[in-house]
Amino acid sequence: MKKMRVALSCSVKKKDAGLPPDYFSEFDSEETVLSIADTIKELGNEVILFEANDRDTLLERLQSNPVDMVFNIAEGSGSRMRESEVPALLDFLSIPYTGSNPYTLALALDKAISKRIFKYENIPTPNFQVFYSVDTALKPDLKFPLIVKPNYEGSGKGISSSSVVFNQAELYKQVSKTITTYNQQALVEEFIEGKELTVGILANGKTIVLPILEIDFSQCLSSGEYFYSWKMKEFQGNKELGLEPTFHCPARLSPEVTEKVKEAALRAHKALGCLDISRTDIRLSKDNIPYVLEVNPLPGLDPKESNFPMIARAAGIEYKSLIKMILDSAAERHGVSVAGSLRQ
């Protein structure tokens with residue numbers, strides 16, 4: 001296996017007092033970027049870092065620094081299809097990369113379009129409606145409580161405990177806030193009472209559905225947060241804020257329900273055309289129906305805090321092996337030879 005020149009395309013978290021506190025929540029920490037880079041180096045490859053949000057120099061740098069492969073974790077620059085920007089550019093330049101293609105990334109980021117696909121494929125997903133303005137009339141068949149989300153965001157952006165509404169007055173107040181703050185449509189869906197689950201999938205030669213992760217928020221009720229809001233995701237583990245959920249992996253489910261949840265996640269992964277890796281968020285209702293909320297084809301890979309590495313560890317896959325599996329899968333798909341082996 002030859003030594004490869006691998007670019008790590010990333011969007012690194014920043015701080016800006018003039019922006020909303022959740023503005024950079026989808027971006028990766030410096031620790032994540034360096035952990036991935038160190039693993040790729042340990043495999044015997046050269047690594048070049050690219051800040052994907054530097055639009056003025058990205059194309060020039062890719063053209064002037066030829067690489068064999070890109071390990072892509074870039075979130076993009078803020079457009080509606082931002083996660084597609086770097087893969088689209090790489091496709092244009094015929095540069096192989098890890099993860100899903102621009103089409104899948106664009107579909108997955110649009111919650112409403114994804115849910116329409118799930119409905120078509122008979123994959124359970126909460127009933128929903130898109131609000132284009134505060135003048136949109138609520139469909140009579142939608143049942144409270146409802147949850148209001150920005151339609152094109154991830155990582156809990158725009159979602160707080162007040163996003164769950166119980167009457168029309170609360171609904172339109174939250175819809176107005178969402179549309180105004182995030183300059184996009186508001187997705188309104190029925191809030192499913194039940195268990196919060198997330199399912200990781202790897203495609204490394206064959207598709208592997210990893211153990212289900214259950215996130216138990218029962219110890220967080222004093223904080224006012226009882227599901228995966230932005231605050232919960234951003235400050236997870238903060239004892240002073242009462243944001244210490246309990247993780248169970250594998251989830252506390254019967255074998256029959258476990259298979260139903262895994263099947264729903266795998267069908268959603270395939271319906272959107274995900275490649276190499278995905279993580280599907282599910283609410284399991286009290287009557288054990290696994291409602292798919294969304295699929296993330298670009299899940300967080302923070303070695304300490306992200307759900308996916310936690311799920312992988314439960315399957316016996318340590319962090320460096322996980323990064324290697326993602327790289328190997330993409331290399332095999334693109335017909336590229338990748339160096340190496342990890343030190344034990």
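**Exercise 1.** Find the bridge partner of lysine 149 in strand 7, and place the pair in its sheet.

Step 1. Leucine 187 of strand 7 is the bridge partner of lysine 149. Strands are DSSP runs of E with at least two residues and helices are runs of H or I with at least four, both numbered from the N terminus. The model is predicted, so local features need pLDDT of at least 70 and side-chain atom pairs count only at pLDDT 80 or more, while totals for chains, interfaces and linings use all residues. Residues are numbered from 1 along each chain as its sequence is written, and side-chain values use heavy atoms, with hydrogens and water left out.

Step 2. Five bridges join strand 5 and strand 7 in the antiparallel sense; two strands pair if DSSP finds at least two bridges between them.

Step 3. The open sheet has four strands in the order 4-7-5-6, with antiparallel pairing. Strand 4 (128-131) and strand 6 (164-165) are at the edges with a single partner strand each, so one side of each has no neighbour in the sheet.

**Exercise 2.** Describe the pairing of strand 1 with strand 3, and the side-chain directions along strand 3.

Step 1. Strand 1 and strand 3 pair in the parallel sense over four bridges. Serine 9 has asparagine 72 of strand 3 as its bridge partner.

Step 2. From strand 3 (residues 69-72), Met69 and Phe71 point one way, and Val70 and Asn72 the other way. All are buried, that is, under 20% relative accessible area with a 1.4 Å probe and protein chains only (exposed is over 50%, partly exposed in between).

**Exercise 3.** Compare the linings of the cavities by residue class.

Step 1. There are two cavities of 30 Å³ or more. On a 1 Å grid over the protein atoms alone, a cavity is a set of points where a 1.4 Å probe fits but cannot get out, and lining residues have an atom within 4 Å of a point. Points are joined across faces, edges and corners, and a volume is the space filled by probe spheres set on them.

Step 2. The largest cavity has a volume of about 240 Å³. Its lining has 20 residues, with Lys149, Ile159, Glu196, Tyr228 and Leu293 nearest the centre.

Step 3. The lining of the largest cavity has seven nonpolar, three polar and ten charged residues. Ala, Val, Leu, Ile, Met, Phe, Trp, Tyr, Cys and Pro count as nonpolar, Asp, Glu, Lys and Arg as charged, and the others, Gly among them, as polar.

Step 4. The second largest cavity, of about 40 Å³, has a lining of seven nonpolar, one polar and no charged residues. Ser9 and Val70 are among its lining residues.

Conventions:
1 Å grid on protein atoms, 1.4 Å probe; cavity = no way out; pocket = protein on both sides within 12 Å on 5 of 7 lines; lining within 4 Å.
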